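Trainee: Could you take me slowly through the aromatic rings of this model and what surrounds them? I would like one connected account that I can follow with the coordinates open.

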Amino acid sequence: MDAQSFTGFTVPMGAETLVGGDEDGFRPIELFLVGLGGCTAMDAISILRKKQQDVTAFEVKVHAERKTEHPKVFTDITLEYIVTGH
């Protein structure tokens with residue numbers, strides 16, 4: 001199954017075989033974390049540019065932990081920003 005955005009882009013979505021999936025795409029919960037990292041990265045890099053910082057590389061790593069039983073909510077999310085520049 002693919003998810004399509006209003007801008008026309010598609011993302012493959014899947015599930016693990018344990019719940020009937022084919023292990024063939026992003027889990028929705030993974031997309032949540034990707035979206036969180038991407039959204040905050042856009043804000044952070046925008047602020048750095050407004051402050052006229054010479055950024056040569058920018059990376060966001062999202063680390064998350066979830067409960068093992070249902071509901072499998074996040075118990076901890078850490079965003080790590082790695083900025084390189086002059």
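Mentor: What follows is a walk through the aromatic pairs, then the surroundings of one ring, and finally a short look at a separate strand.

Please keep in mind throughout that this is a predicted model. By the rule applied here, two aromatic pairs are found. One of them joins F32 and F74, whose ring centres lie 5.8 Å apart with 20 degrees between the planes; because planes under 30 degrees apart count as stacked, this pair is classed as stacked. The two partners come from distant parts of the chain, since F32 belongs to helix α1 (residues 28–50) and F74 to strand β4, with their positions 42 residues apart in sequence. Neither ring falls under the 20% limit for buried residues, so F32, at a relative accessible area of 46%, is partly exposed, and F74, at 23%, is partly exposed as well.

The other pair is made by F58 and Y81, and here the geometry is tilted, with 6.3 Å from centre to centre and 50 degrees between the planes. This pair also links distant parts of the chain, as F58 sits in strand β3 (residues 55–66) and Y81 in strand β4, 23 residues apart. F58 has a relative accessibility of 26% and therefore counts as partly exposed, and the value of 37% for Y81 places that residue in the partly exposed class too.

Returning to F74, you will find that its ring has a further neighbour, for the charged end of R66 sits over it at 5.9 Å from the ring centre. F32, for its part, belongs to a nonpolar surface patch together with I29 and I77, and the three residues have about 230 Å² of accessible area together. I77 is placed in strand β4, which covers residues 74–85, and because its relative accessibility is 31%, I77 counts as partly exposed.

For a view of another part of the chain, turn to V11, which is found in strand β2 (residues 10–12). Its relative accessibility of 27% means that V11 is partly exposed. Leaving aside residues up to four places away in sequence, V11 touches M1, D2, A3, F26 and L31. As a gauge of distance, V11 and E80 are separated by 69 residues in sequence and by 24 Å in space, taken from C-alpha to C-alpha.

Definitions and conventions: Residues are numbered from 1 along each chain as its sequence is written. This is a predicted model: local features need pLDDT of at least 70, side-chain atom pairs count only at pLDDT 80 or more; totals for chains, interfaces and linings use all residues. Side-chain values use heavy atoms; hydrogens and water are left out. Patches are made of residues with over 30% relative accessible area and no salt bridge: like charges are joined within 9 Å, nonpolar side chains (Val, Leu, Ile, Met, Phe, Trp, Tyr) within 5 Å. Accessible areas come from the Shrake-Rupley method with a 1.4 Å probe; for residues, only the protein chains shown count as cover. A salt bridge is a side-chain nitrogen of Lys or Arg within 4 Å of a carboxyl oxygen of Asp or Glu. Helices (H or I, at least four residues) and strands (E, at least two) are DSSP runs, numbered from the N terminus. Buried means under 20% relative accessible area, exposed over 50%, partly exposed in between (1.4 Å probe, protein chains only). Rings of Phe, Tyr and Trp (its six-membered ring) pair if their centres lie within 6.5 Å; planes under 30 degrees apart count as stacked, over 60 as edge-to-face and the rest as tilted. A charge sits over a ring if NZ of Lys or CZ of Arg is within 6 Å of the ring centre and within 35 degrees of the ring normal. Contact means heavy atoms within 4.5 Å.
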